[in-house]
Amino acid sequence: MTIIKSNSSPPSAPVNPTCKDTSSCKTHTVAGGHGHAFEVKKGTSFRIIDLHGQQIVDMMAWVLPYPSSLEHLSMAYTRYHLNGTAPPAIGDHLVTNKSEAIFKLTHDDCHTHDMTFMACNPAFYADKGVPGHRSCAQNIAEAMKPWGMRSYLEAASVDPFNVFQNTPDMTLKDLGCSRAGDFVEFEVLKDAVVA
């Protein structure tokens, strides 16, 4: 997975997943089974790109300053604001637990994302007989450590926006349905840290 963060206003038309102006964009490639966290400012944008196809990204976000702000991206509030429909469509907002928009979806190649499943965690895998297996909550907690996150349980208390995950009607299907190069792009509406 690659994350491209623009330090300028969101692009209006191009959907090419490469930065044309490298002075205003930062790119980070995240290795499978690991996480990455980054700060975004209101008025900027970021993309999450599936490099290989059929990858899934558990995305969480907290309004800055973290951890003193208790406001975070909330799938329950987002589902409510979308009148129960999922996933969001182009132009829809992802919403915080304060019932305020944090991101606006501006591009989506896949149109298949999950807003119901929790982030897996070490205890989940231990219960399944796979102790020590890497997990999404652990990956996010490790990435958020510079911002003060102390435990995977802090990440596990927030339900993620599962980018590219195919779980309609809360049933596990072929989990990844995205193709190599598919991406989602968000306009940032609140200063936040994204993991």
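Phenylalanine 186 is a good place to start exploring this predicted model. Setting aside neighbours within four places in sequence, phenylalanine 186 is in contact with Thr44, Ser45, Phe46, Met59, Leu94, Phe103, Lys104, Leu105, Thr106 and Phe161. Several of those names come back in the first topic below.

**Nonpolar cores**
- The largest nonpolar core has 25 residues, and the members touching the most others are Phe46, Met59, Phe103, Phe161 and Phe186.
- Many strands feed this core: β3 (38-40), β4 (45-49), β5 (57-59), β6 (61-63), β8 (101-108), β9 (161-163), β10 (183-188) and β11 (192-194) supply at least two residues each.
- Another core lies apart from this one, with 17 residues that include Ala37, Ala119, Ala137 and Trp147.
- As background, nonpolar side chains in soluble globular proteins tend to be buried together.

**A three-stranded sheet**
- Look for an open sheet of 3 strands in the order β3-β11-β6, paired antiparallel.
- At its edges are β3 and β6, each pairing on one side only.
- On average, neighbouring strands of this sheet are turned by 25° against each other, direction ignored.
- The antiparallel pairing of β6 with β11 runs over 3 bridges.
- Tryptophan 62 has valine 193, in β11, as its bridge partner.

**Alanine 76**
- You can find alanine 76 in helix α1, which covers residues 75-81.
- Is alanine 76 buried or partly exposed? Its relative accessible area is 44%, and because the partly exposed range runs between 20% and 50%, alanine 76 counts as partly exposed.
- Valine 95 is 19 residues away from alanine 76 along the chain, and their C-alpha atoms are separated by 8.7 Å.

Key: Residues are numbered from 1 along each chain as its sequence is written. This is a predicted model: local features need pLDDT of at least 70, side-chain atom pairs count only at pLDDT 80 or more; totals for chains, interfaces and linings use all residues. Side-chain values use heavy atoms; hydrogens and water are left out. A nonpolar core is a set of buried Ala, Val, Leu, Ile, Met, Phe, Trp, Tyr and Cys residues joined through side-chain atoms within 4.5 Å. Buried means under 20% relative accessible area, exposed over 50%, partly exposed in between (1.4 Å probe, protein chains only). Helices (H or I, at least four residues) and strands (E, at least two) are DSSP runs, numbered from the N terminus. Contact means heavy atoms within 4.5 Å. Two strands pair if DSSP finds at least two bridges between them. Axes are lines fitted to C-alpha atoms, for helices over the stretch in contact, and angles run from 0 to 180 degrees between N-to-C directions.
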